[in-house]
Amino acid sequence: MYYLYGPVLFIINEQQVKDLKQLFRWNGDVSRMTHSLLIGFYIVLFLAAWYFFSPPGIPGPDKVWGAWKEMVLQYNLFGELFSSTQTCLVAMVLTVIFAMVLAYLSRIPFFTPLVILFTKFRFLSLIGVSFIFLLFTATSYQAKLVTMSFSILTYLLTGVIAVIRDIPQRMYAYSRTLRMSEREVTWYTVVRGTLYEAVDLMAQNFAIAWMMLTSIESMFREYGGVGALLVNVYQRKGFEYVFAIQITILIVGLLLDSFLRGVIWIAFPWKRKPTANPFLRWLAAGQG
Amino acid sequence: MADYRITDTVLLDVNIDSFEYAEGRPVVTNVHQQIRNIERSGVTQGQILAILGPSGIGKSTLFELIAGLRIPEKGGVQTYDAKQQKLVPVEAGMVGMVYQTYDLFPFLTVRAQLELGARKGGWKDKEAAEKVEFYASHFQLHEHFRKYPNQLSGGQRQRLAIAQQLLCSNSLLLMDEPFSGLDPLLKQSICRLIADVAQLDELMTIIIVSHDIEPTLSIADTVWLMGKTANGSATVVETIDMMKMGLSWRPDIEDDAQFQLLVQDVCKRFVGLRDGPKPA
């Protein structure tokens, strides 16, 4: 089917005509292709609105593009991004390890109240916590890393404890029917049994971690990082520089999120769903 | 009627006076039953015991007591140890248990699940490999060796869960509600699987805990009917000897009029079993 709208020729098949009708219905069901086209449509719409109808004070895309090039060439934007990404990933690895150790310790009644108390620290102020860690760390990098890990840890730990609490009693009974000691029951049912959920929770909380990092970096500016750069350009340069960094942070955040999803896909083959992605299929075949 | 003989060898001795979760509220009382070895000429024949009763009556508690996952305050459960050739008190792990959810560790491949079962069953190196090989062939799991449980069909999961428990236990397999939520075709397929497992070994004893009357009766050779006592606890109120009635080991049993009468009779009695004896 061919449709001509002004200067644009749309080639639409029957499925897409059906999809178009579904687009505006409650609980409508559209194909993957139409969904992707819709995303593309919104991106183009957003860019056009930004270019043609920016309110006064908001820099247009051309200005932001110019600022971005300057940030890359003169302000070492990629270097700062690398430093932030590195800090974020190190903090996340530390957080997963500590969260899991603490969550598993919660299975021993003696430690349960301590671990539960630790999760309540998520109500503490981030800035207040950073002051305390500054007292106990040698460098501001360490303070940044510890503040970051501590803050994410309180959230992640709450999630992992909930996952462990939700393990059905029959899974413990099942482990015992395999003649396992209580230590083995914990290893197979609690540790290995919830490892995927813990890492997946971390990946889900990655956005919070990434957002938190820029805030923490703005508090410990001497060590650099993209958060520190953001505050510096806001104070000394125009708004277009802030926009350039924000868009970069968003894109890098999305890429890191996809990277984490890929790592999880490779590391936990038993959770894989059948995929049409030829690269993932090739990877799966390679893993056996 | 099939030619069979009940020997003196006691394979399961349940001798529970009382079990309670909270003090003063017994859940299971006065269950004193035995399962003996059955011999059939020309057939390797294990035993299939069915524990039948309405939902919520305490079947699962009795199931866990027999499995050694709970210990009664008074009395105990003993199972036959083929190596020592005598009855020994049951402990968790001696009895294979298969829940209706056919639990498996999701992160282990089919091969790893079987190897874990063999290792925990006390088999070492070559023996363990031979055992894994035997059960993988018998339950047609070879071609799925590299798959994870969530990549298996329902039937493959059932076979794997049963094979793993058989590798680990002393020829005693408890199955909790194996027919729950299945359509009639799948029920038939499970019945065939259970009958097949029962013929793996002379001393193999399968205990099915169920409220699904027809498929359970169709494969059982002994039935314990569970009901409530006057004090609200559960007990075995009657034993039905399916062998004596000529209703055991018959693939076409569901077409038998006597069998259908028995099904109807047990069905009618379920309300009484659930509510217990009426006060005088």
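This is a friendly dialogue on reading a predicted model with chains A and B.

Me: Where should I start: what helices and strands does each chain have?

Reply: Counting the elements is a good way in. Chain A has 13 helices and two strands. Chain B, by contrast, holds seven helices and ten strands. Please keep in mind that the model is predicted.

Me: How do I read how spread out chain A is?

Reply: The radius of gyration can be set beside the value that the globule rule gives for a chain's number of residues. For the 288 residues of chain A that rule gives 19 Å, but the radius of gyration is 24 Å, well over it, so chain A is more spread out than a compact globule. Along its principal axes, the C-alpha trace of chain A spans about 75 × 55 × 40 Å.

Me: And what does the radius of gyration of chain B tell me?

Reply: Chain B has 280 residues, for which a compact globule would have a radius near 19 Å; chain B has 19 Å, which agrees. Its C-alpha trace spans about 65 × 45 × 40 Å along the principal axes.

Me: What share of each chain counts as buried?

Reply: In chain A, buried residues make up 25% of the 288 residues. In chain B, 44% of the 280 residues count as buried.

Me: Which contacts in each chain join residues at least 24 apart?

Reply: Here we look at contacts between residues at least 6 apart in sequence. Of these, 63% in chain A join residues at least 24 apart. For chain B the share is 72%.

Me: How many residues of each chain are in contact across the two chains?

Reply: On chain B there are 20 residues in contact with 15 residues of chain A. On the chain B side, strand S6 (96–98), helix H2 (110–120) and helix H4 (154–168) each supply at least two residues. H2(B) gives the most, with three residues. By class, this side of chain B has eleven nonpolar, six polar and three charged residues.

Me: What do the buried residues of H8(A) pack against?

Reply: First, the residues themselves: in helix H8 of chain A, residues 169–177, the buried ones are A:Tyr174, A:Ser175, A:Arg176 and A:Thr177. They pack against helix H9 (182–204) of chain A, together with S6 and H4 of chain B. After H8(A) comes A:Arg179, whose phi is positive, near 60°.

Me: How should I describe two packed helices?

Reply: Two packed helices are described by the angle between their axes and the distance between the axes. Take helix H3 (residues 61–74) and helix H12 (residues 239–267) of chain A: they pack at about 75°, with their axes 8 Å apart. That angle makes H3(A) roughly perpendicular to H12(A).

Me: Which residues of H3(A) and H12(A) meet?

Reply: From H3(A) come A:Lys63, A:Val64, A:Ala67, A:Trp68 and A:Met71; from H12(A) come A:Glu240, A:Tyr241, A:Phe243, A:Ala244, A:Ile245 and A:Ile247. The residues of this contact divide into nine nonpolar, no polar and two charged.

Me: What span should H12(A) have?

Reply: At 1.5 Å a residue, the 29 residues of H12(A) should span 42 Å, and the end C-alpha atoms are 42 Å apart, which agrees. The buried residues of H12(A) are A:Glu240, A:Tyr241, A:Phe243, A:Ala244, A:Ile245 and A:Thr248. They pack against H3, H4 and helix H11 (226–236) of chain A.

Me: Is A:Ile43 buried or exposed?

Reply: A residue is exposed if 12 or fewer other C-beta atoms lie within 10 Å of its own. A:Ile43, in helix H2 (residues 32–53) of chain A, has 10 such atoms, so A:Ile43 is exposed. A:Phe82, which lies in helix H4 (residues 77–105) of chain A, counts as partly exposed with 14 C-beta neighbours inside 10 Å.

Me: What can phi tell me about a residue?

Reply: Most residues other than glycine have a negative phi. B:Tyr102 has a positive phi of about 50° although it is not a glycine. B:Tyr102 sits in the loop between S6 and H2 of chain B and counts as buried, with 21 C-beta neighbours inside 10 Å. B:Glu177 likewise has a positive phi, of about 45°. B:Glu177 is in the loop between strand S7 (172–176) and helix H5 (184–198) of chain B, and B:Glu177 is buried, with 21 other C-beta atoms within 10 Å.

Terms used. Residues are numbered from 1 along each chain as its sequence is written. Chains are lettered from A and ligands numbered from 1 in the order in which they are written. This is a predicted model: local features need pLDDT of at least 70, side-chain atom pairs count only at pLDDT 80 or more; totals for chains, interfaces and linings use all residues. Two residues are in contact if their C-beta atoms, placed from the backbone, lie within 7 Å. Helices (H or I, at least four residues) and strands (E, at least two) are DSSP runs, numbered from the N terminus. Ala, Val, Leu, Ile, Met, Phe, Trp, Tyr, Cys and Pro count as nonpolar, Asp, Glu, Lys and Arg as charged, and the others, Gly among them, as polar. A residue is buried if 20 or more other C-beta atoms lie within 10 Å of its own, exposed if 12 or fewer, and partly exposed in between; C-beta atoms are placed from the backbone. Axes are lines fitted to C-alpha atoms, for helices over the stretch in contact, and angles run from 0 to 180 degrees between N-to-C directions. Angles under 35 degrees count as roughly parallel, over 145 as roughly antiparallel, 65 to 115 as roughly perpendicular and the rest as oblique. The radius of gyration is taken over C-alpha atoms; the globule rule is 2.2 Å times the number of residues to the power 0.38. The expected span of a helix is 1.5 Å times one less than its number of residues.
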